[in-house]
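Me: I'd like to go through the pockets and a few local features here, and hear what stands behind each label. Can you take me through them?

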Amino acid sequence: MNRFKTATAYSYLEYRKIITEDLALQIEINNPDEAEIVNYTKLNQSRMNRLDKTMQIDTNLKNMLQNLASTYTFYVISEGWCGDAAQLLPIINKITEATSNITLKIIFRDQNLEIMDQYLTNGSRSIPKLVIYNEKEEEIATWGPRPAEATQLVIDLKNQYGGITEEVKEGLQKWYNQDKGITTQNEIIALLK
């Protein structure tokens, strides 16, 4: 059963446009209660713009993607304020652009909590969450909210610093910058074998 059939799903470009429009609206409203979300969304827009321009799919992985024997739909649960989503959605988008055998559809978490609650991570509504369906509309895999190595890094840093601190956020950002999307590419493409 495809849980995503009833949700309004967007292409990557539509998702980016909605986030940009929402950000402009939030800035115009200038609601102090949402200032933090506005700041995260602005930062994430910059990250996504940079990754859209610079991120490349590994040549060997690109060849694998171009030779997929089956077709897939990638559903991603996301939000514009999420730092991990800003790092990972551009990579997921590049994976889907590398082949005609994968379609990408993005839904907003906060508008689809009944779907999100089917894909909790340790009881949390962590995003982004990728859910992969095959051509028979069977769910074959889930992934997220971040690569395994990055998840372990966050656990280690939280233990070291006593929670989600600036040091944890900086450590994760450094990991993403150094990794250049390779781990994410490998983990996601491995799910298609």
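Reply: Sure, starting with the largest pocket: 31 residues line it, and D84, R146, V154, I164 and L172 lie nearest its centre. Bear in mind that this is a predicted model, where local features need pLDDT of at least 70 and side-chain atom pairs pLDDT 80 or more, while totals for chains, interfaces and linings use all residues. Numbering runs from 1 along each chain as its sequence is written, and side-chain values use heavy atoms, without hydrogens and water.

Me: What makes something a pocket, and what makes a residue part of the lining?

Reply: On a 1 Å grid over the protein atoms alone, a pocket is an open set of points with protein on both sides within 12 Å along at least five of seven lines, whereas a cavity is a set where a 1.4 Å probe fits but cannot get out. A lining residue has an atom within 4 Å of a point.

Me: Which elements give two or more residues to the lining of the largest pocket?

Reply: Those are α2 (35-54), α4 (83-97), α6 (148-161) and α7 (166-179), with α7 giving the most, seven residues. Helices here are DSSP runs (H or I, at least four residues), and strands are runs of E, at least two, numbered from the N terminus.

Me: How much space lies in the largest pocket, and in the second largest pocket?

Reply: About 910 Å³ in the largest and about 320 Å³ in the second largest. Each volume is the space filled by probe spheres set on the grid points, which are joined across faces, edges and corners.

Me: What lines the second largest pocket?

Reply: It has 16 lining residues, with D22, Q26, I37, E79 and W81 nearest the centre. Helices α1 (12-29) and α2 each give two or more, and α1 has the largest share, five residues.

Me: Why is L43 called partly exposed?

Reply: L43, in helix α2, has 39% relative accessibility. Buried means under 20%, exposed over 50%, and partly exposed in between (1.4 Å probe, protein chains only), so 39% lands in the middle class.

Me: How do you know that β3 and β4 pair?

Reply: Two strands pair if DSSP finds at least two bridges between them. Strands β3 (residues 129-134) and β4 (residues 139-143) have four bridges, in the antiparallel sense, so they count as paired. L130 has W143 in β4 as its bridge partner. Four residues sit between the strands of this hairpin, where E137 takes a positive phi near 60 degrees.
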